[in-house]
Amino acid sequence: MPAEEAPVSIDATAYGEGIALVTVAGELDVETAPELKDRLADQVRGGRRHLLLDLSAVPFMDSSGINALLKAHDVAGRAGGGVCLVSPAQAVRRVLDITGVSLAIPSTDDVGTALALIGGKAARH
């Protein structure tokens, strides 16, 4: 019997001082969002207060996924950092726009632009 594929893949990489690039692949829903929330909180506890979230391989996100993003935004903000979304898939971008999350959490099309946004915020802290 083949092994079951994980419903979501979350890969975090240190990407400079105080920055983590977190690549998410798979659906963010009630089943998978708690894992993302925990992994992002772990990054902040580990000193990476700026979180770049690559959502290009996330085809679907429900309110649980939105909650995980907003919680990460809050936790990172309290640590003096922030969250920037990188290349959200079109369906996810639409959910972020409809719910107003895109007003609170910036989104860019590439990591370079996200790093520039983070750099500007880091300079203000």
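Contact here means heavy atoms within 4.5 Å. With that in mind, let us look at a predicted model through a set of close-up views.

**View 1. Asp 11 and its surroundings in strand β1.** Asp 11 is found in strand β1. Setting aside neighbours within four places in sequence, Asp 11 is in contact with Leu 21, Val 22, Thr 23 and Arg 39. Is Asp 11 buried or exposed, or somewhere in between? Its relative accessibility is 47%, so Asp 11 counts as partly exposed. For a sense of scale, pick out Leu 103 as well: Asp 11 and Leu 103 are 92 residues apart along the chain, and their C-alpha atoms are separated by 26 Å.

**View 2. The open sheet and its edges.** Follow the strands across the sheet and you will meet 5 of them, in the order β1-β2-β3-β4-β5. The sheet is open and its pairing is mixed. Which strands sit at the edges? They are β1, residues 8-14, and β5, residues 107-108, and each of these pairs on one side only. As a reminder for this view, strands of a sheet pair through backbone hydrogen bonds, either parallel or antiparallel.

**View 3. The hairpin of β1 and β2.** Here β1 and β2 run antiparallel and are joined by 7 bridges. One place to see the pairing is Ile 10, which stands opposite Val 24 in β2. Between the two strands of the hairpin there are 4 residues, and in this hairpin Gly 16 takes a positive phi near 105°. Take a moment with β2 itself, too: this strand is mostly covered, with 6 of its 8 residues buried.

**View 4. Parallel partners in β2, β3 and β4.** Strand β2, residues 19-26, runs parallel to strand β3, residues 50-57, and 6 bridges join them. Two pairs are handy landmarks: Thr 23 has Asp 54 in β3 as its bridge partner, and Val 22 stands opposite Leu 53 in β3. Now move on to the next strand. β3 and β4 pair in the parallel sense over 5 bridges, and Leu 53 stands opposite Leu 85 in β4. Leu 53 therefore makes a good stepping stone in this view, if you keep in mind that strands pair when DSSP finds at least two bridges between them.

**View 5. The two sides of β4.** How many of the residues of β4 are buried? The count is 5 of its 5 residues, and the strand is mostly covered. Gly 82, Cys 84 and Val 86 point one way from β4, while Val 83 and Leu 85 point the other way. Helix α2, residues 63-78, lies across β3 and β4, and runs at about 140° to β4.

**View 6. Helices α1 and α2 side by side.** Two packed helices are described by the angle between their axes and the distance between the axes. For α1, residues 33-45, and α2, that angle is about 10° and the axes are 9 Å apart. The two helices are therefore roughly parallel to each other. On the α1 side, the residues that meet α2 are Ala 33, Leu 36, Lys 37, Leu 40 and Val 44. Their partners in α2 include Ala 68, Leu 69, Ala 72 and Val 75. The residues of this contact divide into 9 nonpolar, 2 polar and 2 charged.

**View 7. The nonpolar cores.** In soluble globular proteins, nonpolar side chains tend to be buried together. The largest nonpolar core in this model has 26 residues, and Leu 51, Leu 53 and Leu 69 have the most contacts inside it. At least two residues of this core come from each of β1, β2, α1, β3, α2, β4 and α3. The largest share, 5 residues, comes from α2. Apart from this core lies another one of 8 residues, among them Ile 19, Leu 21, Cys 84 and Val 86.

**View 8. Leu 69 and Ile 105.** Not counting residues up to four places away in sequence, Leu 69 touches Leu 36, Leu 53, Leu 55, Met 61, Leu 85, Leu 96 and Ile 105. Where is Ile 105? Its place is in the loop between α4, residues 101-104, and β5. At 1% relative accessibility, Ile 105 counts as buried. Leaving aside neighbours within four places in sequence, Ile 105 is in contact with Leu 69, Leu 70, His 73, Val 83 and Leu 85. Finally, Ile 105 and Glu 31 are 74 residues apart in sequence and 23 Å apart in space, C-alpha to C-alpha.

Note on methods
Residues numbered from 1 in each chain as written. Predicted model: local features only at pLDDT ≥ 70, side-chain atom pairs only at ≥ 80, totals over all residues. Heavy atoms only, no water. Axes fitted to C-alpha atoms, helices over the stretch in contact; angles between N-to-C directions. Parallel < 35°, antiparallel > 145°, perpendicular 65-115°, else oblique. Nonpolar A, V, L, I, M, F, W, Y, C, P; charged D, E, K, R; others polar. Core = buried A, V, L, I, M, F, W, Y, C linked by side-chain atoms within 4.5 Å. Buried < 20%, exposed > 50% of the residue type's maximum accessible area, 1.4 Å probe, protein only.
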